[in-house]
Amino acid sequence: METHHPTKYWHRLEDGRVQCDLCPRHCRLQEGQRGFCFVRMNRNGQIVLTTYGRSSGFCIDPIEKKPLNHFLPGTAVLSFGTAGCNLGCRFCQNWDISKSREMDTLADEATPETIARVAEALGCRSVAFTYNDPVIFHEYAIDVARACHARGIRTVAVTAGYVCPEPRAEFYAHMDAANVDLKAFSERFYRKICAGELAPVLDTLHYIYHETDTWLEITTLLIPGENDSDAELHALTEWIVTNLGPDVPLHFTAFHPDWKMRDHPPTPPETLRRARAIALKNGLRYVYTGNILDPEGQSTYCHQCGRLLIGRVGYRITAWHLDAQGRCPECRTPCAGVFEERPGTWGPRRQPVWLKAFVP
């Protein structure tokens, strides 16, 4: 059954419509009309969230799958999403969830307290809002975060960063880590392929890094012929170094044909390695490749002396050489991140979880 949870980021217009102020789309809605995201609607002259407390499914993942390589490596994260999205990416890899217009997609119901309790019971160190963008289930994500923090469980946002400043400030006050999907470094790409804009995403990245305590990593999916030119890769990585600094981990991941971009070929592994080389040359210290087999491109090295710090093959940790303070054992240079004395032991497993089994 659809919920109608109250929200606060909206205002009434003189013509009788209601404007949503959560994301830069500023959808202006008549009574009963839904926004671009599909899950926020005008009901009785106010914007309500229709997916509060409902999920498209829960799964225990390795934290590296988010991807986060510098946030509690090796630990298990309870991941879930809802339905809908506030961008329209033609290449969406989770289109069955993010583009869903069927509330039947939301097969699992859970209160924030249940999610936190189950995460604790299953040994998950964090809960991730992922699969679709948590921006659009803002109220639900924040309530889950509060319940998790009460039990010592951390929270992770996997997001495109397409959000307005006021709700953004509230949201990231409750997030311990975030991976922001920087889809490209051109307004053309965002408008043509994502039905959005680049500038608000860059603003979100700057805000998270400089104004919050949220650990930040960035992912860019490289699509052949669209966002993988040397010029764009130089511009993207130079912007990160100049505006955020060299310590923000950057993940380049491989595209596979999906949703409305089945006419593009998969990303060749050499494209990811070329992108990584450009990023390292431009001063980024931690650059990774994803969706391919590349132990060198998925491992962490000391930026000072080159020592292997964390070896990885896919989502499996194969070597650990950080000291108890998160430093290189050779030169004592700190490795940026949120580390503990030893890594977790979850490994590459993916374990679906049916939360109804945990409800008395």
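These are numbered notes on the cavities, one small sheet and a few single residues of a predicted model.

1. **Cavities, overall.** The count comes to 2 cavities of 30 Å³ or more. The largest has a volume of about 100 Å³. The second largest holds about 40 Å³ of space.

2. **Lining of the largest cavity.** The lining is made by 13 residues. Nearest the centre lie Cys-20, Cys-23, Cys-27, Cys-37 and Arg-40. By class, the lining has 8 nonpolar, 3 polar and 2 charged residues.

3. **Lining of the second largest cavity.** Here the lining residues are Val-135, His-138, Val-163, Pro-167, Arg-168, Phe-171 and Tyr-172. Helix α4 (residues 165-172) gives the largest share, 4 residues. Sorted by class, the lining has 5 nonpolar, 1 polar and 1 charged residues.

4. **Asn-86.** Look at this residue in the loop between β9 (76-81) and α1 (95-98). Is Asn-86 buried or exposed? Its relative accessibility is 1%, so Asn-86 counts as buried. A polar atom of its side chain lies 2.9 Å from the backbone oxygen of Tyr-162. Contacts beyond four places in sequence include Cys-23 and Cys-37, two residues that are also among those nearest the centre of the largest cavity. Asn-86 also touches Val-135, which helps line the second largest cavity. Its other contacts of this kind are Arg-25, Phe-36, Asp-133, Ile-136 and Tyr-162.

5. **The three-stranded sheet.** An open sheet is formed by 3 strands in the order β1-β6-β5, with antiparallel pairing. β1 (5-6) and β5 (40-43) stand at the edges; each has a single partner strand, so one side of each is left without a neighbour in the sheet. Between β1 and β6 (residues 46-49) there are 2 bridges. In one of the pairings, Pro-6 has Val-48 in β6 as its bridge partner.

6. **The β5-β6 hairpin.** β5 and β6 run antiparallel and are joined by 4 bridges. Arg-43 stands opposite Gln-46 in β6. The two strands form a hairpin with 2 residues between them. In the turn, Asn-44 has a positive phi of about 55°. Note that Arg-40, where β5 begins, is also among the residues nearest the centre of the largest cavity.

7. **The loop between β8 and β9.** Two backbone details deserve a check by eye. Pro-67 is in this loop, which follows β8 (57-62). The peptide bond from Lys-66 to Pro-67 is cis, with omega near -10°. Leu-72 is found in the loop between β8 and β9 as well. Its phi is near 50°, a positive value in a residue other than glycine. Leu-72 is buried, with a relative accessible area of 2%.

8. **Arg-332.** Another positive phi turns up at Arg-332, which is not a glycine; the value is about 65°. Arg-332 sits in the loop between β19 (316-320) and β20 (351-353). How accessible is Arg-332? At 44% relative accessibility, Arg-332 counts as partly exposed.

9. **Gly-311.** This glycine is in strand β18 (residues 308-313). Gly-311 is buried, with a relative accessible area of 2%. Beyond four places in sequence, Gly-311 is in contact with Ser-299, Arg-316, Ile-317, Thr-318 and Ala-319. Gly-161 lies 150 residues away along the chain, and the two C-alpha atoms are separated by 29 Å.

How values were computed:
Residues are numbered from 1 along each chain as its sequence is written. This is a predicted model: local features need pLDDT of at least 70, side-chain atom pairs count only at pLDDT 80 or more; totals for chains, interfaces and linings use all residues. Side-chain values use heavy atoms; hydrogens and water are left out. On a 1 Å grid over the protein atoms alone, a cavity is a set of points where a 1.4 Å probe fits but cannot get out, and a pocket is an open set with protein on both sides within 12 Å along at least five of seven lines; lining residues have an atom within 4 Å of a point. Grid points are joined across faces, edges and corners, and a volume is the space filled by probe spheres set on the points. Ala, Val, Leu, Ile, Met, Phe, Trp, Tyr, Cys and Pro count as nonpolar, Asp, Glu, Lys and Arg as charged, and the others, Gly among them, as polar. Buried means under 20% relative accessible area, exposed over 50%, partly exposed in between (1.4 Å probe, protein chains only). A polar contact is a pair of N or O atoms within 3.5 Å; within protein, one must be able to donate a hydrogen and the other to accept it, and residues adjacent in sequence count only if both atoms are side-chain atoms. Contact means heavy atoms within 4.5 Å. Two strands pair if DSSP finds at least two bridges between them.
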